[in-house]
Amino acid sequence: MKVAVIEGDGVGHEVIPPALKVLKAVELDFEIVPVEVGYGKWERTGRAMDDNDLDVMRDCDCILFGAITTPNDPNYQSVLLRIRRELDLYANVRPFRSLNIPIDTPYVAKEPFDFIIVRENTEGLYGGKEDIGEDRATSMRTITRKGSERIARTACKIAKERKNRLTIVHKANVLKSCSFFRELCIDVAQEDGVQYNEALVDAMAYNLILTPQKYDVLVATNLFGDILSDLSAALVGSLGLCPSANIGEKYALFEPVHGSAPDIAGKGIANPLAAILSAKMMLEWAEEHEKAGLVQQAVNYVLEKGIKTTDLGGHASTKDVSYALVGYIANLRK
Ligand code: IPM
Ligand code: MN
């Protein structure tokens, strides 16, 4: 398997090397193809990504991605959004599960929960149809039948492998594009025999905080899925624990939900678990289920042992966590 590896910016440089070490520890047979894209490259060369970079990615089976800094600059086009669109990675799959470890943050959910956000990843408000003028700026939100049906199908497929409960998230009481999305999702759920309910996105945010244990699979448009992902990460205890998979028909990209975290970058304290669990999602995608299981076991081990980075209330460094993980896997394989 050929894996394009993008460390990106900030903590991306710190969390991807441990993820690669873990993949080597489980003896995945893979070739690493490093690709440099991101804000750092933009500052140096004036371009965040070259067309050639996309060709290199297309020549690989999948991508392991760290994080990229996206400045608040209207002249800068987000590299990650471009990769998602160009490779048609339409399904952003983000699992959120409570952990059985004490985490020193007040907002961790009290009851155990386990749900997945399936976020449409190529259109909606992130579709790139925008314009900015002297007195007005417009961002177009286009929702298509194709985009909605395929994300609904993915969500239904995942729901059927789980508790068969789908929640369709929208704001159809206000937005026509949401009424359209809602109806198409309902049609697909009915066709696929999936039990569904629906929630307005604002109420959804409230209810996720109050009763996350009620949910199984959520399907949402791009911006809503993005916002609910970070909210959900807080319920888990840290963005540093949350992985994701961006999946299309042909390619896939695996990345932690967190960003480049410039505030802690370079300090060696970033939590590598989100990147490592993203590598685990890559193993699942590649049907390497036994190896994926090993990675999960190793992650459980370090958490149970209390080897925690500062975001989880611990004192361990990025390296402490990754050494413990890799050591555990090496012992298991002896
Ligand atoms: C994410 C990130 C990206 C997004 C940004 C960096 C473009 O926040 O993966 O959730 O909004 O999709
Ligand atoms: Mn986000």
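Start by selecting Ile68, which sits in the loop between strand 3 (62–67) and helix 4 (79–86); helices (H or I, at least four residues) and strands (E, at least two) are DSSP runs numbered from the N terminus. You're in a predicted model, where local features need pLDDT of at least 70, side-chain atom pairs count only at pLDDT 80 or more, and totals for chains, interfaces and linings use all residues. Residues count from 1 along each chain as its sequence is written, chains are lettered from A and ligands numbered from 1 in the order written, and side-chain values use heavy atoms, with hydrogens and water left out.

Is Ile68 buried or exposed? Buried, at 12% relative accessibility (buried is under 20% relative accessible area, exposed over 50%, partly exposed in between, using a 1.4 Å probe and protein chains only). Now add Ala261: the two are 193 residues apart in sequence, yet their C-alpha atoms are 9.1 Å apart.

Next, the core. Pick Leu23, Leu64, Leu166 and Leu273, which touch the most other members of the 88-residue largest nonpolar core (a set of buried Ala, Val, Leu, Ile, Met, Phe, Trp, Tyr and Cys joined through side-chain atoms within 4.5 Å). Helix 9 (residues 273–285) gives the most to this core, eight residues. Domain 1 (1–89 + 242–334) and domain 2 (109–236) each supply at least three residues, with bounds from an automatic or database domain assignment.

Over to charges. There are 23 salt bridges, each a side-chain nitrogen of Lys or Arg within 4 Å of a carboxyl oxygen of Asp or Glu. Show Glu27 and Arg333, whose side chains meet at 3.5 Å, N to O. Glu27 is in the loop between helix 1 (12–25) and strand 2 (31–34) and Arg333 is in helix 11 (residues 318–333), so this pair ties together parts 306 residues apart in sequence.

Then try Arg58 and Glu86, with closest N and O atoms 3.4 Å apart. Arg58 is in helix 3 (residues 51–58) and Glu86 in helix 4, so the bridge ties parts 28 residues apart. Add Asp51, Asp55 and Arg82 to see the salt-bridge network they form with Arg58 and Glu86.

Last stop: cysteines. How many disulfides does a search of the whole structure find? Zero, taking a disulfide as a pair of cysteine sulfur atoms within 2.5 Å. Select Cys60 and you'll find the nearest cysteine sulfur, that of Cys62, 8.0 Å away. Cys60 is buried, at 5% relative accessible area, and Cys242 is buried too, at 1%.
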